[in-house]
Amino acid sequence: STWVDETGNVLEWTGREAGDLLKGSPLERMAYQMVTDVKQGVKEITKLTKTHPNAYYVTEARLRWAFSLLFSRVVRLTSRNRQLALIPWADMLNHQSDVRTYIDWDDKENAVVFRGDREYNIGDEVFVSYGPRSSGDLLLTYGFVPSTATDPEIEKVDLRLVLDGYDPYAGVKKAALKQYGLDSTWTFPLQLNRYPAGLIEYASFLAFRPQSDEEVEFYAKQLFGPAERRAIPKEVSQSGRELIKQECFNALSRYRGTVESDRLMLEEQEVISQKSIMSQDKRPAAAAAVRLRERAILRKTRDVIDKTGNVVLDLLRRNPFQDLFNQY
């Protein structure tokens with residue numbers, strides 16, 4: 001059997017461990033939500049099975065293990081409308097981020113198959129891709145992270161923007177956002193060399209100071225209306241960029257420890273020579289690697305967001321991961 005006693009994902013962490021290792025990272029909120037959802041699921045299943053003859057077997061510990069196994073082992077079959085499947089032989093394949101082929105259903109073979117994207121020699125380990133997942137996603141779901149940021153373009157960190165409740169026009173802005181399918185709190189996945197769609201527009205709308213209800217409605221239409229008519233007026237764009245810059249500062253200030261202490265931990269653990277950082281004893285090092293990569297994205301966004309022209313191009317071409325993780 002390929003089923004394991006422990007998967008390493010966040011459902012197996014203690015509450016204190018998750019709080020300590022993920023403090024300040026947006027992953028802390030995600031981890032809490034995952035654990036909360038599973039607790040609710042366990043509660044509902046226990047209630048449904050309490051009168052079953054074998055109810056004694058359905059314990060909280062076994063259900064948590066089952067959820068943990070499901071989260072870390074389930075495969076989405078793209079060609080079958082992303083159907084979820086458990087495929088025991090697939091558990092023997094480890095993740096490598098530069099692999100460009102996936103496990104999927106093949107109609108001709110009438111089976112689930114995996115075809116390699118490169119030549120392997122006899123005795124070589126065959127790798128698969130678990131998908132374009134960031135280091136943080138891999139840590140929470142599978143309990144490991146790549147020891148080096150081999151594909152910085154898939155790394156991300158969530159930036160949460162919230163409408164200021166003290167804004168005199170907060171109520172009007174909230175209503176306008178709702179009209180366009182948006183909430184007064186929105187989370188954007190920042191990446192190394194690109195801004196997520198809608199980030200500048202949303203931040204600009206939150207930050208600008210209107211003089212009337214009509215002005216709120218006017219800018220809402222400009223920023224969130226039909227795509228072919230959207231525009232970011234210069235008079236509100238700068239205030240939006242300043243808000244993003246400030247929120248990046250705030251996000252960076254919430255992380256535990258320093259960049260230097262995280263880099264030192266990785267040096268002491270000598271993880272640079274390993275393909276992955278995993279297992280319980282390496283979990284602090286894995287979390288340190290994630291924190292470094294998230295901070296790199298936040299710092300770069302902070303430095304670039306209010307720049308224009310060639311300065312932006314120069315900053316975008318720079319890869320901060322080289323400074324923060326891959327090279328000591």
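Mentor: Let's fix one cut-off before we start: a residue is buried when its relative accessible area is under 20%, exposed over 50%, and partly exposed in between. Keep in mind that this is a predicted model.

Trainee: Okay, why does Asp137 count as buried?

Mentor: Its relative accessibility is 17%. The limit is under 20%, so Asp137 counts as buried.

Trainee: And what makes Lys156 partly exposed?

Mentor: Lys156 comes in at 25%. Partly exposed runs between the 20% and 50% limits, so that's the label Lys156 gets.

Trainee: Why is the pairing of Lys156 with Asp137 called a salt bridge?

Mentor: Check the distance: the closest N and O atoms are 3.9 Å apart. The rule asks for a Lys or Arg side-chain nitrogen within 4 Å of an Asp or Glu carboxyl oxygen, so the pair passes. This bridge joins distant parts of the chain, with Lys156 in strand β8 (residues 156-162) and Asp137 in helix α4 (residues 135-142), 19 residues apart.

Trainee: How do you know that Arg295 and Asp262 form a salt bridge?

Mentor: Same kind of check: N to O is 2.7 Å, and the cut-off is within 4 Å, so they qualify. Arg295 sits in helix α10 (residues 283-304) and Asp262 in helix α9 (residues 259-269), so the bridge ties together parts 33 residues apart in sequence. Both Arg295 and Asp262 are buried.

Trainee: Which residues are linked in a network of salt bridges?

Mentor: Asp164, Asp167, Lys173 and Arg209. Within that network, Asp167 and Lys173 meet at 2.8 Å, N to O, and both are buried. A search of the whole structure gives 17 salt bridges.

Trainee: Let's do a loop. How do you know whether Ser25 is buried or exposed?

Mentor: Ser25 has a relative accessible area of 5%; with buried set at under 20%, Ser25 is buried. Ser25 lies in the loop between α1 (15-22) and α2 (26-49). Beyond neighbours within four places in sequence, Ser25 contacts Tyr255 and Glu294.

Trainee: How do you know that the length of α8 agrees with what a helix should span?

Mentor: Count 1.5 Å a residue: the 20 residues of α8 should span 28 Å, and the end C-alpha atoms are 29 Å apart, which agrees.

Trainee: What makes you say the buried residues of α8 line one face?

Mentor: Down the helix axis they fall within an arc of 155°, so they line one face. Among them are Val236, Gly240, Ile244, Cys248 and Leu252. The general reason is that an α-helix has 3.6 residues a turn, so residues three or four places apart point the same way. The face of α8 turned away from the buried side carries exposed Glu235 and Ser253. Cover for the buried residues of α8 includes β8, β9, α6, α7 and α10.

Trainee: Which residues touch the most other members of the largest nonpolar core?

Mentor: Leu159, Leu161, Leu190, Phe205, Ile244 and Leu298, out of 33 residues. Helix α6 gives the most to this core, with 6 residues. Leaving out residues up to four places away in sequence, Leu298 touches, among others, Val157, Leu159, Leu190 and Cys248. Apart from that core lies another, of 20 residues, including Leu21, Met34, Leu140 and Ala287.

How values were computed: Residues numbered from 1 in each chain as written. Predicted model: local features only at pLDDT ≥ 70, side-chain atom pairs only at ≥ 80, totals over all residues. Heavy atoms only, no water. Helix = DSSP H or I, 4+ residues; strand = E, 2+ residues; numbered from the N terminus. Buried < 20%, exposed > 50% of the residue type's maximum accessible area, 1.4 Å probe, protein only. Contact = heavy atoms within 4.5 Å. Core = buried A, V, L, I, M, F, W, Y, C linked by side-chain atoms within 4.5 Å. Expected span 1.5 Å × (residues − 1). Arc of directions from axis to C-beta.
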